[in-house]
Amino acid sequence: MTERKIGVTERQSEVLTFIEDEIAAGRPSPNTVEISKHAGYRTSEVLRILNALEHTCYITRMFGRRRNIRLCSPSVKNGARRTSLRRN
């Protein structure tokens, strides 16, 4: 049985950090081609990473719009961890 990781993978963290840095610098959110060039991944891999980040609620995307990535969660870069809202 493999261990299940909590949070994000190294690749997801790298992409998320790049998105955060671009937005923090006052630039619009990067598109998939820009992320691909920065990270050295194929655009199909970037799309899978963005889908995973959206599924885990770190980003949201508005389909049909350019520069559609929005941050919606605390920074992974700063070591913030998501916590469960469920009570024991």
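What follows is a conversation about the predicted model shown above.

Reader: Before I look at details, how many helices and strands are there in the chain, and what pattern does the chain follow along the sequence?

Author: This is a predicted model, and its chain has 3 helices and 2 strands, which come in the pattern α-α-α-β-β when read along the sequence. Of the 88 residues, 30% count as buried.

Reader: What does the chain average in pLDDT?

Author: The average pLDDT is 82, and 75% of the residues score at least 70. Over residues 1-5, however, the pLDDT is below 50, and this stretch has 0 contacts in the model beyond near neighbours in sequence. Residues 79-88 also stay under 50, although the model does have 6 contacts for them beyond four places in sequence.

Reader: OK, on to the helices. At roughly what angle do the axes of H1 and H3 cross?

Author: The axes of helix H1, residues 10-24, and helix H3 cross at roughly 85 degrees and come within 10 Å. Angles of 65 to 115 degrees count as roughly perpendicular, and H1 and H3 are therefore described as roughly perpendicular to each other.

Reader: And which residues make the contact?

Author: From H1 the contact is made by Arg-11, Gln-12, Val-15, Leu-16 and Ile-19, while H3 contributes Glu-45, Ile-49, Leu-50, Ala-52 and Leu-53. Sorted by class, the contact of H1 with H3 has 7 nonpolar, 1 polar and 2 charged residues.

Reader: Gln-12 caught my eye there; is Gln-12 buried or exposed?

Author: Gln-12, which is found in helix H1, has a relative accessible area of 13% and is therefore buried, since the cut-off for buried is under 20%. A polar atom of the Gln-12 side chain lies 3.0 Å from the backbone nitrogen of Thr-9. Leaving aside neighbours within four places in sequence, Gln-12 is in contact with Gly-7, Ile-49, Ala-52 and Leu-53.

Reader: Switching to the strands, where is Arg-61 found, and why does Arg-61 count as buried?

Author: Arg-61 is found in strand E1, which covers residues 59-61, and Arg-61 counts as buried because its relative accessible area is 11%.

Reader: Which side chains have a polar contact with the side chain of Arg-61?

Author: One polar contact, of 2.3 Å, joins the side chain of Arg-61 to that of Asn-51, and another, of 3.0 Å, joins the side chains of Arg-61 and Glu-54. Not counting residues up to four places away in sequence, Arg-61 touches Leu-47, Leu-50, Asn-51, Glu-54, Asn-68 and Ile-69.

Reader: Then what about Ile-69, and which residues does Ile-69 touch?

Author: Ile-69 is found in strand E2, residues 69-71, and is buried with a relative accessible area of 2%. Beyond four places in sequence, the residues that Ile-69 touches include Ile-19, Ile-35, Leu-50, Ile-59 and Arg-61. Computed along the sequence Ile-69 and Leu-50 are 19 residues apart, and their C-alpha atoms are 8.9 Å apart in space.

Reader: One last residue: where does Tyr-58 lie, and how many residues separate Tyr-58 from Cys-72 in sequence?

Author: Tyr-58 lies in the loop between helix H3 (43-55) and E1, and at 3% relative accessibility Tyr-58 counts as buried. Tyr-58 and Cys-72 are 14 residues apart in sequence, with a C-alpha to C-alpha distance of 5.4 Å.

How values were computed:
Residues numbered from 1 in each chain as written. Predicted model: local features only at pLDDT ≥ 70, side-chain atom pairs only at ≥ 80, totals over all residues. Heavy atoms only, no water. Helix = DSSP H or I, 4+ residues; strand = E, 2+ residues; numbered from the N terminus. Buried < 20%, exposed > 50% of the residue type's maximum accessible area, 1.4 Å probe, protein only. Polar contact = N/O pair within 3.5 Å; in protein donor to acceptor, adjacent residues only side chain to side chain. Contact = heavy atoms within 4.5 Å. pLDDT = per-residue confidence, 0-100. Axes fitted to C-alpha atoms, helices over the stretch in contact; angles between N-to-C directions. Parallel < 35°, antiparallel > 145°, perpendicular 65-115°, else oblique. Nonpolar A, V, L, I, M, F, W, Y, C, P; charged D, E, K, R; others polar.
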